[in-house]
Amino acid sequence: MGDKKRAEKGENPKNVDLSAFVRPFTVSDPRNFRLKQFATAEKGGLDKHAARQLLDVNRARLDELQQRLYAENRWSLLLIFQGMDAAGKDSAVEHVMRGINPQGCEVHSFKVPTTKELDHDFLWRSTIALPERGRIGIFNRSYYEELTVVRVHPEVLAKQRLPAKLVSKNIWRERFEDITAFERYLSRNGTMILKFFLHVSKEEQRKRFLDRLEEPAKWWKFSMGDIAERALWDKYQAAYQDAIRNTATAFAPWHVVPADHKWFARVVISATIVEALEKLDPKFPKVDKSQSPEYETVRKALLADAPKAARAASKVSGKTSGNGGRKG
């Protein structure tokens, strides 16, 4: 029985081969990439119950791997999330990273650039937010907005006040090159990069917008600007396709995540992260065995430093455990 079928039947998700939920959604042939080749409503042979089980297992594995990454303090992991409004970026981050030690994980949400940010190159605000060694950095939107939002809205590019001669017909190709070079540089310096495009259908976006409007508690998520951007759907799809096609590399791969079913999107994302970290295989630092006597000396000193009542309880406990609770 295949791994997908075992997961579907709820059979020991710990033994499921995660590649079945990674490979189909990885952009392996950028030159011939077409966004329409990737379905938005894929379920991977799972139902919600099986998906939740698998997500729980993946979160536990991710927690352990994150601890090892943090302790080893050599590699860092950068996760980039892109997608149309209501694609589920926020909820994906929330559910996939639930339970991870916050000391080793930082989330940055990039919104409209500030005046200060506009006074720097377009990669500057992302560069200063990169994760330190041993940590996981999450970009909820990123410098890829420069290849999507800015491309769809030329007026945004004008606000960047670039020298006129630099804004040529080649500017997008140049930015593809700059981003690829930037990601290559990061990978060569110990940052693993995983990029996720949450691929939602226009119809599913419509339903999610309606859901927000029908619940007052969700009104804060909705903006009239969302509707204006929705009207530019085709332009955005073309911009994302071009960006992914020109920046998908072995060292910074793109994953097109089916996002119409949020529960399956979380499985794909968590499986991709876990598989990548398992290949990285971070290790807990090894302790020098020559220090063992010193540790034992310190341990005995700490035991001796306990209050009298605690020492007495420790002795009683030791006697009990020594004879199994029976009189000698």
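## Close-up views of a predicted model

**Figure 1. Glutamine 66 is a buried residue, with a relative accessible area of 2%.** Let us start inside this predicted model. Because a residue counts as buried under 20%, glutamine 66, at 2%, belongs in that class. Its place in the fold is helix H2, which covers residues 48–72. Which residues does glutamine 66 contact, once neighbours within four places in sequence are left aside? They are Ile100, Asn101, Gly104 and Ile136.

**Figure 2. The largest pocket holds about 1,400 Å³ of space.** In total, 47 residues line this pocket. Asp85, Lys89, Lys111, Arg141 and Asp226 are the ones nearest its centre, and they make handy landmarks for finding your way around the view. Several helices supply at least two lining residues each, among them H5 (124–127), H6 (149–152), H10 (224–230) and H11 (233–247). H3, H7 and H9 also supply at least two each. Which helix gives the largest share of this lining? That is H3, with four residues.

**Figure 3. Arginine 141 and glutamate 145 form a salt bridge between buried partners.** The N to O distance in this pair is 3.5 Å. Are the two residues buried or exposed? Both arginine 141 and glutamate 145 are buried. You have already met Arg141 in the previous view, where it is listed with the residues nearest the centre of the largest pocket.

**Figure 4. Within helix H9, arginine 208 pairs with glutamate 204 in a salt bridge.** Here the N to O distance is 3.0 Å. The two residues sit four apart in H9 (residues 202–214), or about one turn of the helix. Both arginine 208 and glutamate 204 are buried. Helix H9 also supplies at least two residues to the lining of the largest pocket.

**Figure 5. Helix H13 carries a salt bridge between arginine 299 and glutamate 296.** The closest N and O atoms are 2.8 Å apart. Along H13 (residues 292–304) the partners are three residues apart, about one turn of the helix. Why do they count as partly exposed? Partly exposed means from 20% to 50% relative accessible area, so arginine 299 fits at 43%, and glutamate 296 fits at 31%.

**Figure 6. Glu64, Arg68, Asp281 and Lys283 are joined in a network of salt bridges.** As a general reminder, side chains of opposite charge can pair when their charged atoms come close. For the whole model, the count comes to 20 salt bridges.

**Figure 7. The largest cavity encloses about 30 Å³ of space.** How many cavities of 30 Å³ or more are counted? The count is one. The lining of the largest cavity consists of Ala87, Gly88, Ser91, Ala92, Leu198, Lys262, Ala265 and Arg266. Helices H3 (89–96) and H12 (262–280) each contribute at least two of the lining residues. H12 has the largest share, with three. Readers who recall H3 from the largest pocket will find that helix in this lining too.

**Figure 8. Leu162, Leu166 and Val167 make a nonpolar surface patch of about 220 Å².** To find this patch, look for leucine 166 in the loop between helix H7 (154–158) and helix H8 (171–188). Leucine 166 has a relative accessible area of 44%, and is therefore partly exposed.

Methods. Residues are numbered from 1 along each chain as its sequence is written. This is a predicted model: local features need pLDDT of at least 70, side-chain atom pairs count only at pLDDT 80 or more; totals for chains, interfaces and linings use all residues. Side-chain values use heavy atoms; hydrogens and water are left out. Patches are made of residues with over 30% relative accessible area and no salt bridge: like charges are joined within 9 Å, nonpolar side chains (Val, Leu, Ile, Met, Phe, Trp, Tyr) within 5 Å. Accessible areas come from the Shrake-Rupley method with a 1.4 Å probe; for residues, only the protein chains shown count as cover. A salt bridge is a side-chain nitrogen of Lys or Arg within 4 Å of a carboxyl oxygen of Asp or Glu. Buried means under 20% relative accessible area, exposed over 50%, partly exposed in between (1.4 Å probe, protein chains only). Contact means heavy atoms within 4.5 Å. On a 1 Å grid over the protein atoms alone, a cavity is a set of points where a 1.4 Å probe fits but cannot get out, and a pocket is an open set with protein on both sides within 12 Å along at least five of seven lines; lining residues have an atom within 4 Å of a point. Grid points are joined across faces, edges and corners, and a volume is the space filled by probe spheres set on the points.
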